[in-house]
Amino acid sequence: MFPKAKSLLAAGLTLVALSSVQALAVTPSPQMIEQFKQLPKSEQAKLAKQYGVDLSSLTGGSSANAQVTNPTLVGERKSEKACVEKDSYSAKRQSNEEGLVFCDDTKTKSKFVLNEDGELVVDESEVTDAQQTENAEKAKKLKLFGIELFAGEPSTFAPVSDVPVPSEYMVGPGDTINIQLYGKDSNDYQLTVQRDGAIQFPELGPISLVGLSFAEVKQLLKSKISHSMIGVESNISMGELRSIRIFIAGEAYKPGSYTVSSLSTLTQALYISGGLSDIGSLRNIQLKRKGKLIGALDLYDLLLKGDTSHDLRLQSGDVVFIPAAKAHVSIDGEVRRPAIYELKGKETLADVINMASGIKATGYPQAIALERFNEKHLKTVLSLSLKSASDKNEIIKDGDTIQVKSSSERIDNSIDVVGAVVRPGQYQWKKGIKVADIFQSIWGDLEVTADLDYSLVLRQANAHGDIKVKQFSIGKAINNPTSVNNLTLQPRDQIIIFKYAERGEQLAPVVSKLRKQTRLGEASQLVEVNGNVRFPGVYPIGDKNRVTDLLSAAGGLEEGSYTLSAELTRQNVNPEVGVSLEHKAINIGKALKNDNANNVKLQSRDILTIRTLPDWQETRWVTIQGEVRFPGTYSIQRGETMVDVLERAGGLTHDAFTFGAIFLRDSVKAKEKEQVRKLADELRREIAAKALTKDGGTISFEQAQLMLNQLENIEVIGRLSIDLRGIITGVKDADLQLEANDELYIPSKNQTVSVMGQVQYPSTHRYIANDTFDQYLEMAGGPRKRADENRSYILRANGSVIFPNETWFSNGTQMMAGDTIIVPLDTEYKDTLTVWQQVTSVIYNSAVAVASIARINN
């Protein structure tokens with residue numbers, strides 16, 4: 001047979017070889033290829049090598065160096081029918097795909113477009129806010145557990161054949177046995193099991209393999225080869241496996257007939273068919289053979305335990321039947337895998353929680369809510385606890401909803417540290433722990449701004465969350481751990497370390513809490529301190545607080561405090577009489593020395609007032625500059641006058657111009673600012689009133705606003721006119737008492753007179769004794785045409801203002817050195833044309849009136 005086959009195939013192989021060089025229409029016939037496949041593998045390889053033909057092109061198999069790959073059997077399921085723009089689609093693709101809908105043909109919720117890679121993606125610009133909200137709500141809904149494992153869509157029916165063959169595999173028709181002989185004679189055979197269950201071994205004849213497993217086949221063939229072929233060893237393996245046809249029915253995603261490998265199991269069949277439908281049962285997948293139930297698979301064993309012992313192997317003609325699920329339970333909340341789970345039998349609450357992988361660390365096992373429909377089809381709620389054996393064994397029913405509540409976020413055994421500390425936060429509470437156990441070093445644990453004398457511990461007083469306050473010194477607690485300041489702490493205490501200058505902000509929530517917790521009419525545990533302390537205000541008190549504790553809370557006494565007598569005001573409440581006030585004198589000095597008579601225990605709503613020393617004042621300074629012997633800044637006391645400070649400054653120099661002295665004072669400056677503000681308000685009202693009259697305003701709103709802004713931004717200096725000459729000559733009425741921050745500037749002698757304003761040439765002239773106002777005005781060229789001569793005034797060097805006194809009996813107002821003449825602008829000036837227009841109008845109106853009266857008389 002072999003020589004004949006070789007001769008018949010020679011011509012065919014030659015044609016195949018030639019076809020690889022040029023395209024020929026002649027190819028080997030199917031009969032020739034079939035005969036070639038019957039040859040031993042070694043003979044096939046020799047012929048293919050001789051004629052330069054790829055062996056896989058004739059046998060249809062893979063070449064020796066080819067890599068075995070599995071076809072993609074299942075793709076992702078399409079969630080919805082989306083539409084594609086026709087123009088965009090046809091521009092890049094020539095053929096329509098299965099399942100696509102064009103946007104011109106139907107109305108869909110979303111639209112697909114092509115991205116740069118030619119892939120179909122959802123056009124986000126077409127998704128409305130309502131759709132986004134709907135998608136978000138869908139994402140929050142619980143999903144059916146396990147359904148994602150098979151959430152695919154089959155794309156091909158090609159069987160998978162690259163899996164290892166188990167020893168118990170039953171060999172049948174269509175399987176291929178690979179036999180390798182080595183030793184005295186070397187050959188390779190690929191023998192296919194015929195329909196009668198036998199293989200045709202070239203040198204041993206037909207061998208029946210009916211009803212044998214792969215392990216038994218190996219043993220049988222090795223035995224025959226060793227007995228019949230002396231000096232030859234063998235290696236036997238499975239080649240290509242036969243394909244079988246099965247049926248998948250029931251609630252499958254794509255039910256029907258499938259061709260699968262003979263090694264396929266139930267799970268592989270489910271995967272190839274795309275899995276289950278939305279109502280398919282994951283826990284009762286049945287395998288039926290010839291009408292009988294062979295077994296059932298619970299996929300929860302695979303998903304939750306990794307158990308595949310019930311994953312039965314399929315045979316040709318088997319039916320995989322997927323019934324509908326009968327019962328479900330939803331579990332949500334503080335579990336590791338919230339989802340919808342299928343119920344198989346009488347699962348308990350503990351079983352369902354185990355399905356959900358248990359409760360999270362944040363879950364509260366004693367607060368589990370079970371919602372269930374009763375006999376009247378009304379929803380009811382059961383409160384269950386995993387601490388109870390009966391609750392754990394509660395049978396779960398179809399439609400139940402389990403909600404596992406979360407635990408409280410409150411920390412039970414903790415101490416909260418806040419404020420001016422290096423490491424704020426929660427600290428573990430232990431029995432007997434004290435403040436010094438948490439803060440061991442002032443420099444290492446506290447900030448630089450920490451107040452070492454005043455700290456608080458807030459402690460819960462009752463179940464309502466009320467607090468009580470304990471005051472201590474953090475500095476003393478650290479430096480002296482045996483002192484009473486090293487308080488013993490309790491669970492949930494809060495330690496507040498105050499920043500020295502920010503205690504008001506840190507105390508505000510504590511004071512507010514103490515005010516609000518007086519629900520039954522009891523007095524709030526608050527006291528007040530005012531007067532000469534660093535931080536006056538309202539402070540909380542504990543059950544043992546005294547006057548010295550309140551002084552520590554207020555930051556201590558200010559400089560100049562009167563320690564011999566402070567006033568403690570106390571309210572005595574009598575339900576029958578009412579409230580009476582009691583005032584008690586406290587010697588602060590003795591109280592600081594722990595005198596019990598003065599360092600009294602405080603009560604709610606006490607008010608401690610710290611007085612200031614009589615005649616106590618802060619250091620006051622005045623400045624003297626100019627023509628004095630020792631100019632500079634001098635400290636003054638209350639009641640000190642100008643004469644006193646000038647004497648301390650060494651008196652005036654010979655060049656001092658006393659009449660032109662400038663004296664500035666803060667109180668005068670404040671008054672001038674207030675006057676400017678009042679003037680601006682008055683001018684604003686006048687402008688608004690004129691805008692409502694018939695003659696109306698003569699300036700625009702923008703101009704008026706600009707003028708008001710300039711007026712409000714006038715820089716005032718606070719100059720006070722003084723008679724320095726009278727002060728230094730001993731005139732008592734001229735002298736004045738000094739205030740803090742007063743400034744005196746004494747210029748040198750001034751021998752000039754200035755003329756400013758609406759004059760022909762504003763200028764400054766040498767002072768000439770006995771010259772008058774008119775003479776200096778003439779020196780500047782006289783007034784301009786728009787000058788208001790009647791309102792001209794003289795500004796003296798001492799800051800006073802006088803108007804010139806021009807009479808028939810006087811020679812005019814004489815000027816003084818340092819004077820300034822101001823000639824203002826006439827704001828009511830009118831040119832000649834305007835005056836004649838007004839006069840003509842008056843004459844015309846008068847003539848008309850006279851003519852009318854004459855006509856009436858006639």
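Start with Arg-611, which is partly exposed, with a relative accessible area of 34%. This is a predicted model. Select Glu-567 next: Arg-611 forms a salt bridge with this residue, and the closest N and O atoms are 3.9 Å apart. The two ends come from distant parts of the chain, 44 residues apart. Arg-611 sits in the loop between β31 (607-610) and β32 (620-626), while Glu-567 belongs to strand β29 (residues 566-574). Glu-567 has 27% relative accessibility and so counts as partly exposed, because that class lies between 20% and 50%.

**Zoom out**

Show the whole protein. The chain contains 23 helices and 40 strands. Of its 858 residues, 36% count as buried. Its exposed surface is about 51700 Å², and carbon and sulfur atoms supply 51% of that area. Among contacts with a separation of 6 or more, 59% are between residues 24 or more positions apart.

**More salt bridges**

The structure holds 22 salt bridges. Select Arg-459 and Asp-493, a pair whose closest N and O atoms are 2.7 Å apart. Arg-459 is in strand β24 (residues 450-460). Asp-493 is in the loop between α14 (474-479) and β26 (494-499), and the partners are 34 residues apart. Are these two residues buried or exposed? Both Arg-459 and Asp-493 are buried.

Go on to Arg-796 and Asp-819. Their salt bridge has its closest N and O atoms 2.1 Å apart. Here two loops are linked: Arg-796 lies in the one between β38 (793-795) and β39 (801-802), and Asp-819 in the one between β39 and β40 (820-823). The separation along the chain is 23 residues. Arg-796 has a relative accessibility of 11%, so this residue counts as buried, the cut-off being under 20%. Asp-819, at 1% relative accessibility, also counts as buried.

For a network of salt bridges, select Arg-283, Asp-298, Lys-344 and Glu-347, which are linked in this way.

**The nonpolar cores**

In soluble globular proteins, nonpolar side chains tend to be buried together. To look at the largest nonpolar core, which has 44 residues, select Val-320, Tyr-341 and Ile-402. These three have the most contacts inside that core. Keep Tyr-341 and show what surrounds this residue. Which residues is Tyr-341 in contact with, leaving aside its neighbours within four places in sequence? The contacts are Phe-145, Tyr-300, Ala-327, His-328, Val-329, Ile-331, Met-355 and Ala-356. Another core, of 31 residues, lies apart from the one just visited; Ala-566, Leu-568, Ala-591 and Val-600 are among its members.

**A four-stranded sheet**

Last, select strands β32 to β35. They make an open sheet in the order β33-β32-β35-β34, and the pairing is mixed. The edges are β33 (632-636) and β34 (662-664), each of which pairs on one side only. Neighbouring strands in the sheet are turned by 20° against each other on average, direction ignored. Strands of a sheet pair through backbone hydrogen bonds, either parallel or antiparallel. In what sense do β34 and β35 pair? β34 and strand β35 (residues 743-746) pair in the antiparallel sense, over three bridges. To see one position of this pairing, select Leu-664, which stands opposite Glu-743 in β35.

Technical notes:
Residues are numbered from 1 along each chain as its sequence is written. This is a predicted model: local features need pLDDT of at least 70, side-chain atom pairs count only at pLDDT 80 or more; totals for chains, interfaces and linings use all residues. Side-chain values use heavy atoms; hydrogens and water are left out. Buried means under 20% relative accessible area, exposed over 50%, partly exposed in between (1.4 Å probe, protein chains only). Contact means heavy atoms within 4.5 Å. Accessible areas come from the Shrake-Rupley method with a 1.4 Å probe; for residues, only the protein chains shown count as cover. Two strands pair if DSSP finds at least two bridges between them. Axes are lines fitted to C-alpha atoms, for helices over the stretch in contact, and angles run from 0 to 180 degrees between N-to-C directions. A nonpolar core is a set of buried Ala, Val, Leu, Ile, Met, Phe, Trp, Tyr and Cys residues joined through side-chain atoms within 4.5 Å. A salt bridge is a side-chain nitrogen of Lys or Arg within 4 Å of a carboxyl oxygen of Asp or Glu.
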